[in-house]
Amino acid sequence: QSIEKGNYRHFMLKEIYEQPVVVAQTLQSYVRPLEGKVALPDIEFDLSEIRRVTIVACGTSYYAGMVAKYWFEQFARVPVDLDVASEFRYRQPVMEEGGLALFISQSGETADTLAALRYAREAGQIIGAVVNVPTSSMAREADLLLPTHAGPEIGVASTKAFTCQLAVLAALATNLARAKGELTAEEEQEIVEHLTEAPAALNAALSFDGEIEKMAPLIAPARDVLYLGRGPDFPMALEGALKLKEISYIHAEGYAAGEMKHGPIALIDDLVPVIVLAPSGPLFEKTVSNMQEVQARGGKIVLISDRKGLDAASHGVMATIEVPAVHPLIAPMVYAVPVQLLAYHVAVTKGTDVDQPRNLAKSVTVE
Ligand code: G6P
């Protein structure tokens, strides 16, 4: 079947805009709104007996896994190991019995991730796979297949597959939390409501596209850009930086906001835009105080937050991007939208080949 760009200038933009629909499509196979439950496909083992989760992936899929680490630990109280596949497969990791090894991949064919999956199989782990291509090697080799329903992704830089991975991982986190006795029926009902609202929240985030387009010329001339976040927004900062470098060729780094003073603060001057992801909530004040350290050194801030956060902290910043206020299990999906759009518009401003950036491949099936 041939896939068209329709009215969009690039596949990447089309795929960013598809997110409300494909996330809804993905959630449909996991969320049962009438029962107030989040379900998984037939599982042939007892989730409550999982003692450790090991998450392995590459690229953007790895950052989805990093978000999941925060969720699995915080909501299900299960210890999580996390690694990029190219390191994991060669360092002979110790894997104890009773572990779930989870592999995340859009293509299901990334060579390093597939090799890591086979290593974990040999090491006696239960194999879970979050994949977008249901006929792929990883899908076929998994004990627990957790499909994303993003549809074919053409843009080399992953967007809609990533948010669908987050949706599936939120469903898995909820199931793990229930199995571990960390979730009441009322809490689960609440999560179901929030997940059901995710597509609308993604639409709301997309509605700020025009403003993001207007701020792209502020970022396009930069040589370096820094992204800061805490908690699950740390992997989102890493993902934001990855998107920007992949398609605009601007050097970008994501950093845990609290770690900035241990190095990257030395880079700050008025030529380095700093993108701060800071939803209002328990970590907000901490991130804002890191942001103020940047401001005090002349750094130009783009603050991404909800209305409440922007009202509290946008004094003196170069630009702001609003996102809707949502539950922590939805927030990374919603924050993905502005970082994708920002990277996209900066790349278009610079005139790079957005859908097929130089030196990159959609699927890396060789080592
Ligand atoms: C390549 C792509 C990335 C992707 C990564 C992992 O580097 O350019 O967009 O995130 O591979 O791919 P996978 O198919 O395993 O998710």
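Around the ligand of this predicted model stand 16 residues, of which the closest are Gly59, Thr60, Ser105, Ser107 and Thr110; a residue counts as near a molecule or strand if its C-beta atom, placed from the backbone, lies within 6 Å of it. This shell divides into 5 nonpolar, 10 polar and 1 charged residues, where Ala, Val, Leu, Ile, Met, Phe, Trp, Tyr, Cys and Pro count as nonpolar, Asp, Glu, Lys and Arg as charged, and the others, Gly among them, as polar. Helix H3 (residues 59-76) gives the most to the shell, with 3 residues.

Residues are numbered from 1 along each chain as its sequence is written. Because the model is predicted, local features need pLDDT of at least 70 and side-chain atom pairs count only at pLDDT 80 or more, whereas totals for chains, interfaces and linings use all residues.

The protein holds 13 helices and 12 strands, with helices (H or I, at least four residues) and strands (E, at least two) taken as DSSP runs and numbered from the N terminus. Its radius of gyration is 20 Å, close to the 21 Å that the globule rule gives for 367 residues, so the protein is as compact as a globular protein of that length; the radius is taken over C-alpha atoms, and the rule is 2.2 Å times the number of residues to the power 0.38. Along the principal axes, the C-alpha atoms fill a box of roughly 55 × 45 × 40 Å.

One open sheet has 5 strands in the order E4-E3-E5-E6-E7, with parallel pairing, two strands being paired if DSSP finds at least two bridges between them. Strand E4 (80-84) and strand E7 (144-147) stand at the edges with a single partner strand each, so one side of each is left without a neighbour in the sheet. Neighbouring strands here are turned by 20° against each other on average, direction ignored; axes are lines fitted to C-alpha atoms, for helices over the stretch in contact, and angles run from 0 to 180 degrees between N-to-C directions.

Another open sheet of 5 strands follows the order E9-E8-E10-E11-E12, again with parallel pairing. Its edge strands, each pairing on one side only, are strand E9 (251-256) and strand E12 (319-322).

The table sets out one strand pair from each sheet.

| Strand pair | Bridges | Facing residues |
|---|---|---|
| E3 (residues 52-57) and E4, parallel | 5 bridges | Val53 and Val80 in E4 |
| E8 (residues 224-229) and E9, parallel | 6 bridges | Leu228 and Tyr255 in E9 |

Helices also lie against these sheets. Helix H7 (residues 160-179) lies across E5, E6 and E7 and runs at about 145° to E6, while helix H11 (residues 284-296) lies across E8, strand E10 (273-277) and strand E11 (300-305), at about 160° to E11.

The axes of helix H2 (residues 19-28) and helix H8 (residues 185-206) come within 8 Å and cross at roughly 170°. H2 and H8 are therefore roughly antiparallel to each other, a label for angles over 145 degrees, with those under 35 roughly parallel, 65 to 115 roughly perpendicular and the rest oblique. Their contact joins Gln19, Pro20, Val23, Ala24 and Leu27 of H2 with Leu195, Ala198, Pro199, Leu202 and Asn203 of H8, residues being in contact if their C-beta atoms, placed from the backbone, lie within 7 Å.

Methods. Contact = placed C-beta atoms within 7 Å.
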